[in-house]
Structures are given as structure tokens and as C-alpha cells.
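Colleague: I would like to learn how to read a model of several chains, beginning with a contact between two of them and then turning to a single chain and a sheet. Could you take me through it step by step?

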Amino acid sequence: MQITVNVNGTDYAREVEARLLLIHFLRDDLGLTGSHWGCDTSNCGACVVWLDETPVKSCTVLAAMADGRRVRTVEDLAMKGAGEGGMGRRAGGGTLDPVQQGFSECHGLQCGFCTPGMMLTARWLLDHNPDPTPDEIREALSGQICRCTGYENIVRSVLWASKHEASRREADR
Amino acid sequence: MKGKGELGRGAYGPVRRKEDARFIRGLGTFTDDIQLPGMLHGAILRSPLAHARIVSVDASAAEAHPRVKAVITGPMLERRGLAWMPTLSQDVQAVLATDKVRFQGQEVAFVVAEDRYSARDALELINVEYEPLPAVVDATTALDPGAPVIRDDRAGQPDNHIFDWEAGDRAATDAAFAAADVVVAQDMLYPRSHPAPLETCGAVADYDQVSGQLTIWTTSQAPHAHRTLYALVVGIPEHKIRIISPDIGGGFGNKVPIYPGYLCAVVGSMVTGSPVKWVEDRSENLMSTSFARDYHMHGEIAAAADGTILALRASVLADHGAFNGSAQPSKFPAGFFHIFTGSYDLRAAHCAVTGVYTNKAPGGVAYSCSFRITEAVYLVERMVDILAAELGMDPAELRMKNLLRPEQFPYTCPTGWEYDSGDYPRALQVAMDIADYPALRREQAEKRARGEHMGIGISFFTEGVGAGPRDQMDILGLGMADGADLRVHPTGTAVLSVSCQTQGQGHETTFAQIVAQELGLSPDDVEVVHGDTDRTPFGLGTYGSRSTPVSGAAAAVVARKVRERARIVAAAMLEVAPGDLEWAGRWQVRGDPEKARGIAEIAMAAHGALELPAGVEGHLDAETVYNPPSLTHPFGAYICVTDVDPGTGQVQIRRFIAVDDCGVRINPMIVEGQVHGGLADGVGMALMQVIAFDSSGNCLGGSFMDYLLPTTMECPSWELGATVTPSPHHPIGAKGVGESATVGSPPAIVNSVLDALRPFGVRHADMPLTPANVWSAIQGRPLRTDLAIP
Amino acid sequence: MQVPAYVEYEKATSVEHALTLLARYGPEARILAGGHSLIPMMKLRLVQPETLIDINGLAELAYVRVADGELQIGALTRHAQLLDSAVAGEHFAILHDAERVIADPVVRNWGTIGGSLCQADPSEDLSATFAALKATMVIRGPEGVRTVSAREFHTGPYETVVAPGELLTEIRMAIRPGGGSAYEKVGRRVGDWPVGAAAAAIWLDGDTIAGAGIGLTAVGARNFAAAEAEEFLRGASATEASFAEAGRIAAEHCRPSSDQRGPAEYKQHLARELTTRALRRARRRARPAAAGQDA
């Protein structure tokens, strides 16, 4: 069947099987390997992307269900100048999102495998709750597993991003 | 130019990680990210039964699938001599089953297809006829007379016995027990669990039929060891084999062995002439790759009436699964378990370990166990707590009384380990101060009076990491020394090639810091190369917290070699004698420090036309192989505060205080991150993780729905402290730390929960302390956690 | 990661269209809503439908509203929407209690109320919740609309009364004065299925219990309800002693099985303990109706 999915601002029309999982469509068909998979049972959250501005576990969504919808992956987080496609390995230019900066500043990642999913949920959280408490951050990330960090630095990374954005808003006033 | 010739003012410190740049952009390269032209996909058909004879395998329907390129079966491998492969414990493991299947999930056939969905579909087209056999599931029955013999493939194997091993002085220990005022005994299980890194295991194998070159991208914590093993097993000359570990999404010991799937991918590539990718799914990872622990332990502790601990005794039944595939130095079938003497000044100790086969997946040494030190520390720290309860003594007081004193180091324990350095009482005091231990005990007393149940648990651990001296330690005959190469380019930046293999530990940063520190460079000017056997020297890889003790030492040693060579070049540049120079981040003339040269300038001169003394070669390169003289012994004191709801058995971890001593800390930020991660492991193992089986040998932990891992909600905000006792024999005084928290945290949590349950008279309950188990323990009937409830 | 078997796919453009497609493709077709119950089963190949009928575009089925003295929840409402709904939480705090402990925040973004109920897992949190609230399920089929009480909705593990050609469209529950409700769940970890859970709703008349609803899940309670305990509470005074006795009766009528989550004995205990705790909390939230006061 034919589907058209808007990924990181660009429409992609592809012929797919109905059973193709969205995570495989993104990774294998579009080459966006920044999103990962780590389980069979929708538990780990390594596959979290945005679907219509909402974090979802893309291993539990069919690519067909994304037809006509918008997907955002980690590759889109770094803010781009006008006209840049954001695809491919050399798309790493652009200004980092404060969430990405926070993860680097606060050692919120070790192996990096859970990190894209964590950052996308964190980005969504800050968009809706710009000043979350540590408990609110933990609650928002409670469906996503990290095996390396013990979560403390992930929480600190998100707090860093929220404070950084708050002072930017102050400065812009 | 930025960084060139800059004086290093201490490159150690919380430097931001260089590897983050790609990961935060989603630009890491993990094994499943690898796409090669014409690449095919493999899938494994696995046994649904724990123990069965294979009557027939009919793959014809699968072969007829339009998108299937090959189906490999046991008989096909047998014709190539590849149906069995050596394990890391001098046993063999089936690559694809031929005669029998011996655990649920064992590999039976391998399909190679054009895409992963077709490969999965084709599995259903393979018809296997099994004749079920009775399964051995309960390790405590494996040696019963008449128990089914699992390894009838081994000549002269009459039963399920693998090995007996012991350490310590049995007679002295018996004497100490006989003379003791108090003797306490306890059975305890360290249940089977699994490292479950977030990225599963896999390989992309590419065999070039023209050149005879085999290239394998794979999740390997030890790429050079894998290369040598493939050469021995597959028969391809080693110089034609290249192993590339790309980015690895967590290892934790799970990615040390070579798995059947990797070998099948290699054969698949040879048979089809195309690259073949095999990446396992999560159920395969949990059901067939290296599990961890599964030690049935009996501990005994002997003490004087005043609380002086005299001796320890332990006997262990080790469940190794269907093949003995545990990964530890070859002379130590029970790993380093005999460090169970712990952190105390004992008169004597003795342990005996018996290994058995069962119808379960192979493995045993994994999940940050430091070669069975997790099991050893759990045993001794639980025994100390049980002794404290028996004596009516505060567990902190009992420990403080018996901890080794700083003046006793280096200390040789009753089973032969030489602990290099430590100030144990100070570490425990620091932990108690952070926790405000007296206040916690007061709070506990008040709460108990109101019928509320809080617990305070302590754990003090000594590790032994950095395997190891080649005369004592080898894995399959390969010595555990690590190479390091360092080249300083003409323009003054450097490349360090190391043999160890990061899986998140931050080597690209910390190893750059080591070299930068030694050479007065910025870490930005040092590139760390690892993971590709074509570009790096030989070494035994990253596990057992050995990277800093061994490869880190190699990095320091090779940097010092470069520095010494630079001295000679600098002397030639300055026209002084080498002995007239002193190092202060650069080579400068003693008494005339303005006459100086930094490494960058020296590098250019070393590559240039400068005349060098006779016998001195040009360039500024060096290599080394570091053979550690001994292990390093990090240690720590942990305190855990829990609140237990006896009405439901639920446990909440309120606080966790962790004081670690890993010697000199190259990057404290990274060290803390390692500790945080290990503490979360403890929460998982203590409260929720177990790979359990039912009586038919069905694995009940085959998915993350039942093999539960801790989330943000179960982990508290960790409170860390540190002491620094440098290792006297390590070039920079550092010890390893990667596994410390995984070793030390489970007993702290278990001790805490049992402390909370003291009013109910609960003496012991096994991990995991699920709500059901805690409640059952309160009723006087703690659960047996490794087997399903009948 | 495991992947589903081959399947055909249709996208429904309206409820009518969905019913037409169901009729066309017969019993081997399955409705695809959030997919967070169905797709995991398909990946493990425990179910292998021939056709999926995607109803995610049917916005008319996603709502939480008060109408005709009822709280009405569209079957396509996402768990996150129900958790976020002020009007739902205002009338039935239990809905927020339960949603907060269902799966995890990301799964709740896409999984639906209707999907969870139609999956009919014997440990489903919402089954106990709606049983306690004595909710009514609205089912549409080729012949029109019919209603079934929540307590008759499930016919067995993974089985409901929704016939192959039918679609669950709404769950509704009457809003009555003096009500308070609560959910108590024990899991091995956050996000886990319950080892045992109790849902309680009581309506007070002064200090007397005018009506009570008790739902239980994962403990082998008939129809996810504790009818005998409810009977006991009707007309009783809202005291600790009543709640304790109700818990005892509720547990008596459960038949839990031992499994990896815990032994039967423990689950039986949970049925009792959690029923009592849920009633206690429901009582604290209840405001007794006084004469002339609005619901």
C-alpha cells in the first residue's frame, strides 16, 4: 500500500506492507537510524518518536497509521536554518536544542542508545510544562528504560534545559 | 592554534564527553544501523522445549520461500565441522542443534532472507519434530541419582556435574568455627538474572570470497579475542579477519561471548556470497544469551561473643545451564568468588563451589559481576547482618569493629587475594555522616512505635578488578595484558589506539584525558581509536571493570614512553643533555625554565630534519603491552533507607547513600555516572529482576513484561560520596569502578528491607523482594524465587 | 524485535464505513485503534488477523463529556486524554487514579479506552474501574445501537460480547450525588499489570452508604466485581469496620491463580486489603448529598 508520511518536515511517499512497523520504516526505509528499538513488548521506549506532536512508541505503531501524519525524530532536534533537509549523517549542523545541550552538560547519556527517546519525551515535557519538578520529569520518563545512567543525570539534564530556556526567555524579554 | 603547545594544567576533571556529539544527534552507529549493499537478514529458529531429542528437521518449505536465500541447519554445519564451538570455559556449545536441544530457546536453524520480515516468516515454514525428554530445572536436583543426563554429547560424562573447586584453608576454618562463641548459618540464593543491555546482541558478517577476507561488525566487548576465536573455529587465517565493534548500546558482560547467531551469520555470508546481518530480538537475548548469577549459597559465619568475626565458610551450588559458557579467567571456574572474605579481618575462610548443568541457557558470568564478586559480596554482607541480628548489635557498629585497618594494607586475605590499598573505616564513616545514621535509627525507633516500618541497610564491599597478571590469568589461553599505541603527529595532536572497547563508559574522553595529562596536551588534541581490530593493538577487551586498571595503565605507560622520547628530542633542540631537563607540562631546563619545548613543537622537530643522537629513531610514537602486576581493589560503603508497607509488601527506596573509593578519579563526572548506573542495577536485582523457570523448563523471563527493569520511579536521587586511596601499583593510582555499584548495592537494599521487617521476625528472604515475596516473608513463608510457584 | 505476520489494511472514514468494512471482511478482521493492545499481540504472533480496520481517523469517537446526567467517554479516547480530563476527574476521581497507573505516559498517548476494554485482559485496570462505576457500554452494529452493562461486557479472558460485526463506541456512567471513588493497585513495578487491584465507588446519604460499587481485577473476581460485598455495604454505615468486612467478603468470593506475580494466597489477601483501602479513600472523597444540593 502507498503511504505518505511527513518526517521532520519532509513528505515521504513509499510503498509498504501494512504490517511494517513505524520504527522500521524510519530506520530501514528512510535511513533515520537515530531512533532505536530494544524490546518486543512496548516496554523499553528506545523507539520513542513524535507522532502528530505526541511521543509514541514507534515499535507499536504501524507505518500505515502514520499515513497523512507528522513524525518527528531525534534528527530534527537540532534547530536548522531555513531550507535544510535534516537528513543524513552530515545533518549534524545547526544549533543544538537545549535538551541536547543539557544531556551533554549533565552527563545524561553513557552508551547513547536510550538517549534519542529520552530527549524527545523531555522536549515534549518542556513544551507543555516549562518548569517541571524532578518528580514530574521522572513521571514523564517512567515508560522508558536506561541501563547505564541510573536516571539521576537524565533528570538533571532536563532540569538544566528548563533553566537554560527560562533564562533565555528572561533575556529575550 | 587552539590547543597546540598548551600547557596541561591537570587534564583530569569533569571534562564533557567527546562521544556525546554524535549520540545526542542520533548519529551513533550501532550494529543494527549498519547497511551494506546486497545485505541479507538472518533469523534463528529456536527450540520451544527445554530438553528433547531432535527427530527430524525439514526446511524445504522455508527454502522454497521466494525471498529466502539459504537455510542452515545443524547437519549442514556438522559437515563443515562447525556444529559445535568452544566456550570460554573449555566446554563446547552447539551452534545449531544436531542430536538434542538442551534449553528452551536453543538455536536449531538459521534462515537467510532478503529482508527481516521474510526471514521471520520463513521460520514458521521449518518443520522440526521433537521427542520430549524430562528436563532438569531445579539445580538442587541436578546431581540426584537418576537425574536425566543433559550432556550425553560429552564422552565420559555420566551425570550433570561440571566441576568442584575450593579455596582457603579448610582445617584452619574448621578450627576457628570450633572455637567460636557464636556460629550463624544461612542459605541464600542469588537468583538468575540477565544484564539486558538496551541494545541486543548482533553481527553483520561479510565474507569476501575473492580476497578471503572476513569482516564482522558486531556487538563485542572484546573484538581481538573474538578475532582469534573466529580464526580458531572457522579456520580462516587470523590476518584475514577484521572485527569492528561499532558503537555498543550497553554491554554489562552480555557482549563478551561469541553467540551461535554470529557464527551462523558468518556461515550465511560464506554460503550466499552476500553480507548477512543477524540481530536478535529481546526474547532471544533474555532466553539464550549469557545469563548472570544463579548461585545457591550456604554461608556460615563464626564470631566471638564481643562481635569479633573469626571465620567464614561457604558452599555453593552453581547452576551453569546446559553448556558451561561462563566467561572468566580459565584457572577460576568460580571466578573470583573466593574474595567472599570481604572487607574484614578474618582468621580463616574456606569456600567450595560445585558447578552443575541444567536445561537452561548457558552463561553465568555477566551483568557487572566482576567475575562472581557480586555473589561473594552478597553472601558476606548478608552473613554480617544476620550475625548482627543474632548478637543484638548495630550492623554499622559490627562492621566498624571488624573492618580492615589502613595500616594492614597491602593485605592478603585468607583465600590469597592481596588487597592493594584502602581506608575502610573512613569510607564507612563518610557514608554514615552523609546519611546521618544516628538520626535514621532514631527515626526508625519512632516509626516502629507507631507501627510504621522503615529499614536501614548497610553494605561494605571490596572488589578485585583489572584482570590480570598473565601468569595467573588467561581466557582460553589468551593472556590478559592490553596493548596501547600512541602516535603524536607533526602538528602536535595525537592518536591513541587501545584494545579495550567502550560500551558507554566514556573511553574516548577519559583515555584522552590520561594522555593529555601525561603530555601537557588538551584532551581535545588526543583522539582515541578503539573497536576495529585492524586499527588497534591486541588486548582482552572491556569487562570486569578492567579498562582503567589495564588499558588505562597502558595509556599512561605509552604516553610516558612518548614523553621520554620527547625528552631526548627536546634536549637535541635545546642543545642540552637530556638529564638537564625537567617536566612541568613541557620539557624545560632545570634552573632556566624559559628554555623549554612543549610536546607539539617537539613533535614537529621529531618529524623534521633535526639531527637526533645516534640510536634514536625519529617521529614521536610508542607502543606498549601492559601486563598488570596485580588486581586493583576498589571498595565502598553503601547505606540504603527503605519504607515497607506490610499490608501489601511494597517497598519504596527512600534514600541511597554510596561512598566509593576507586583510587585516583580521572573524570569524576564519569565515575559518578558509573556508580549511578550500578546502583539502579541493585534496585532491579533486589526488588524485581529474576529469570525464573517452571517445572518443564519454560523460561518465564523472556520479555520485559516479566523481566522487569527499574525505571525512574523506583530509583531515588542517589547521594554520592568519595574517598580516594590510590592504588600503589597502578601507574596513575587509579582502580576500576564500572561494576562497584552493581556489586555493593543489592545487599544494601536487601539488608534494608529485612531490617524493616525485623519486628515480624523475618531473618532472611531471597531476591527479588517483590511485594508478594515480602508479604509472604512476613507471614513466615518467604518464596523460592527461581522456580515458578506451582 | 519481533514483527507481525502479513495482514491487509483498510482505513475507516466514518463509523458507518467501519461497520461496512467489518461486515465485508468478517470475523478475521480486527479493529485497529491505538494498537497498543493489538499490535504487541500481532508481533508475538499470538493473534493473526487477516485484515486491520484502522479507526484512528474517527475523531467523533474521541470525547469526554457530561450529558444527560452521565459522564460519557468515547471509545477512541486516548488514556492520556482521560487522565487529562478535568470533568472526568471531577466526577469520578477513580478514573484519574486508574489511568495514572495504567502502562506508562507514552503508551497512554496512543492507547485507547475502547481498545483496552476490548482486549479484555483478566488483569485490565479499566475493567474493574467501570465495573465499580456500574458503567454501561454502548455497542453499534449493523442493526443499530445496543447497551450492555460493564459487568456483562466480558465473557472470559480476552473475550467480550462485542460481536465480529460490531464496534464499541462509548462508555457511560450515571453521575449521582454524594459520590466518591478510588482505585488501589499493587504491581511489581510501575507500569506493570496489577498483581491485584480494587476499585471502589460509594454514594453516601449522610453517614449511610446509599450505594456501593466494588471492582476487582487480576484476582479472579466474577465479572470484575464484588457483588456480595456491595450488597453488604448497601445501607451500612460508612465506617472502618464496614470497609474491613466488605474487604473480607470481597476476598472470599475471589478465585485468584498463583503465577509469577504472586501466590494465590497473596492475591486473596490483596483483594481484601485493597478493597478496604479503596473504600476508605472513596469515603474521604465522598460528599454526602444534602437536600436541594446539585449533583
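Colleague: How many residues does the contact take from chain A and from chain C?

Modeller: One begins by listing the residues on either side; in this predicted model, the contact takes 26 residues from chain A and 27 residues from chain C.

Colleague: Which element gives the most to the side of chain A that touches chain C?

Modeller: Strand S4 (54-57) and helix H4 (134-140) of chain A each supply at least two residues of that side, and S4(A) gives the most, with four residues. By residue class, the side of chain A that touches chain C divides into 13 nonpolar, eight polar and five charged residues.

Colleague: What pattern does chain A follow along the sequence?

Modeller: Chain A contains five helices and five strands, and, when they are read along the sequence, the pattern is β-β-α-β-β-β-α-α-α-α.

Colleague: Why does the radius of gyration of chain A agree with that of a compact globule?

Modeller: The idea is to compare the value with what the chain length suggests: a compact globule with 173 residues would have a radius of gyration near 16 Å, and chain A agrees because its own value is 16 Å. Taken along the principal axes, the C-alpha atoms of chain A fill a box of roughly 50 × 40 × 25 Å.

Colleague: What share of the residues in chain A is buried, as opposed to the rest?

Modeller: Buried residues account for 62% of the 173 residues in chain A. For the contacts, one can ask how far apart the partners lie in sequence: among those in chain A between residues at least 6 apart, 58% join residues at least 24 apart.

Colleague: In what order do the seven strands of the open sheet in chain B lie?

Modeller: A sheet is read from one edge to the other, and here the order is S3-S7-S1-S14-S11-S12-S13 (chain B), with mixed pairing. The edge strands, each of which pairs on one side only, are S3 (68-73) and S13 (241-244) of chain B, and the twist averages 20 degrees from one strand to the next.

Colleague: Which residue is the bridge partner of Leu40(B) in S14(B)?

Modeller: Strands S1 (residues 40-46) and S14 (residues 276-279) of chain B run parallel and are joined by two bridges; in S14(B), the partner of Leu40(B) is Val276(B).

Colleague: Which strands does helix H4 of chain B lie across?

Modeller: Helix H4 (residues 116-123) of chain B lies across S1, S3 and S7 (107-113) of chain B, and runs at about 25 degrees to S1(B). Helix H7 (residues 260-272) of chain B lies across several strands, including S11 (202-207) and S12 (214-218) of chain B, and runs at about 25 degrees to S11(B).

Key:
Residues numbered from 1 in each chain as written. Chains lettered and ligands numbered in written order. Predicted model: local features only at pLDDT ≥ 70, side-chain atom pairs only at ≥ 80, totals over all residues. Pairing = 2+ DSSP bridges. Axes fitted to C-alpha atoms, helices over the stretch in contact; angles between N-to-C directions. Contact = placed C-beta atoms within 7 Å. Rg over C-alpha atoms; globule rule 2.2 N^0.38 Å. Buried ≥ 20, exposed ≤ 12 C-beta atoms within 10 Å, placed from the backbone. Nonpolar A, V, L, I, M, F, W, Y, C, P; charged D, E, K, R; others polar.
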